Amino acid sequence: MNVLKFGGTSVGKPERMKKIAELVLATPGKKIVVLSALSGTTNTLVAIGDHLLLGQKAKAEEAISTLEKHYQGFIKDLFSSEAFQAIGEEIVSRFFIFMRMLAASQFDNKGYRELLAQGELISTELFYQHLQERKISSRLLPALYFMSIDENEEPELEKIAERLKPLIGALSNVDIIVTQGYICRNHRNEIDNLKRGGSDYTASLIGSAIRAEEIQIWTDIDGMHNNDPRIVKKTIPISELTFEEASELAYFGAKILHPSTIVPAQKYNVPVRLKNTMDEKAPGTIITGKETPGSFKAIAAKDGITAIKIKSSRMLMAYGFLRRVFEVFENYKTPIDMIATSEVAVSLTIDTNAHLAAIETELKKFGTIEVDNDQAIICIVGNKIMDQQGVLTKVFDALNEIPVRMVSCGGSANNVSVLVDKQFKDKALNALNEGLFGLK
Ligand code: ASP
Ligand code: MG
């Protein structure tokens, strides 16, 4: 069995949705098809929810009406027969009655999450009816029957697997099972979600739970590239990555892949294949446990990074100092990304400034603090590059003209990260593209 996930842009236009049906049909064997909401829908639902939380009912109603018109137009092109037009109209009107009911009620965070779930619920229903109209045998399997998260918002993989077994068993004569990405139930059994972009994660959780042959993530790009095509002129697609390499890149490539996607797949050794709906012949990227020889695989960057330096003579030969520093970040639920230490100072980076002021105040108890905003992490990934000779020389030769604020290597064999001021990010990506890949 394969799991095929299609993102928002892949289902965002009626003709694209029809194309998805073709791709699903062309894939041999049994498959579970995971769909996102139509592109733009979740953003609109977020906006509607925000208006409602602020009590701005008129603004919410305006956005609801615009979205409703979009769906009315969508079904006109999706369905051909009158009978299925009527089915489409019924679906759309039912969803919008429900949204208006939510809007009219005492709107709270629970209502907000129910609202967010509507995008995937409606896209899968429309796709399923499209398959019905084309007489393609399939079934809808609601994700809310099996997908769940615990009180720490972590997916309950074992429970998901237990619930899926009989559900899929009951559909043993069906080749195409359609389900929603992103949505789930939480520990209070309320409707919840796996955070923005979470449909990838749904696909990998299902694929891991059923030990699928492959988890295929279909997007509108040719899998992963060695560098950011928006910043450097020439990039090359990466055909193979290991789970380790992919996890190093996941944080940076969140636009391509939800960062948690690799975790369950790696645990159960289920390959993840990234494919392009616009060019299904393109090989894409396959992520497996198999190591491929070679050196540098990819360079990725993330900006909006803040570097914090804590200088303290108390750090000298002391133990427990780093724990106390890290505790401050833990108390403010702020993840630390890069770290570099000397005997009397430690520098670290965070990617959110939400609690920066409070964190600074606490850190001042330990020593002097320096904060640099607008930094960028550049991450260089390759299979066991840190075990190879001359790797750092190549990296720093390439970065010869760029001031480097921090370096982190040796954390894993597959990664070297450097921190530069954001103004040097593009230059650094280009210099590394030339220095490490010979691409100009
Ligand atoms: N529709 C959700 C979002 O936009 C989930 C997804 O597309 O992966 O975040
Ligand atoms: Mg996505």
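Cys-184 is buried in this predicted model, with a relative accessible area of 0%, whereas Cys-409 is partly exposed at 34%; buried denotes a relative accessible area under 20%, exposed one over 50%, and partly exposed the range in between, with a 1.4 Å probe and protein chains only as cover. The structure holds zero disulfides, a disulfide being a pair of cysteine sulfur atoms within 2.5 Å. For Cys-409, the closest cysteine sulfur is that of Cys-379, and at 12 Å it is too far for a bond.

Ligand 1 is surrounded by Ser-36, Ala-37, Thr-42, Glu-120, Tyr-182, Arg-196, Gly-197, Gly-198 and Ser-199, where a residue counts as near if one of its heavy atoms lies within 4 Å of the molecule. By class, this shell has two nonpolar, five polar and two charged residues, with Ala and Tyr counted as nonpolar, Glu and Arg as charged, and Gly among the polar residues.

Oxygen atoms of ligand 1 make polar contacts (pairs of N or O atoms within 3.5 Å). One such pair joins a ligand oxygen to a side-chain N or O atom of Arg-196 at 2.7 Å, while polar backbone atoms of Ser-199 and Gly-198 lie 3.0 Å and 3.3 Å, respectively, from an oxygen atom of the ligand. Taken alone, ligand 1 exposes 260 Å², of which the protein buries 86%, as computed by the Shrake-Rupley method with a 1.4 Å probe.

Residues are numbered from 1 along each chain as its sequence is written, and ligands are numbered from 1 in the order in which they are written. In this predicted model, local features need pLDDT of at least 70 and side-chain atom pairs count only at pLDDT 80 or more, and side-chain values use heavy atoms, with hydrogens and water left out.

Terms used: Polar contact = N/O pair within 3.5 Å; in protein donor to acceptor, adjacent residues only side chain to side chain.
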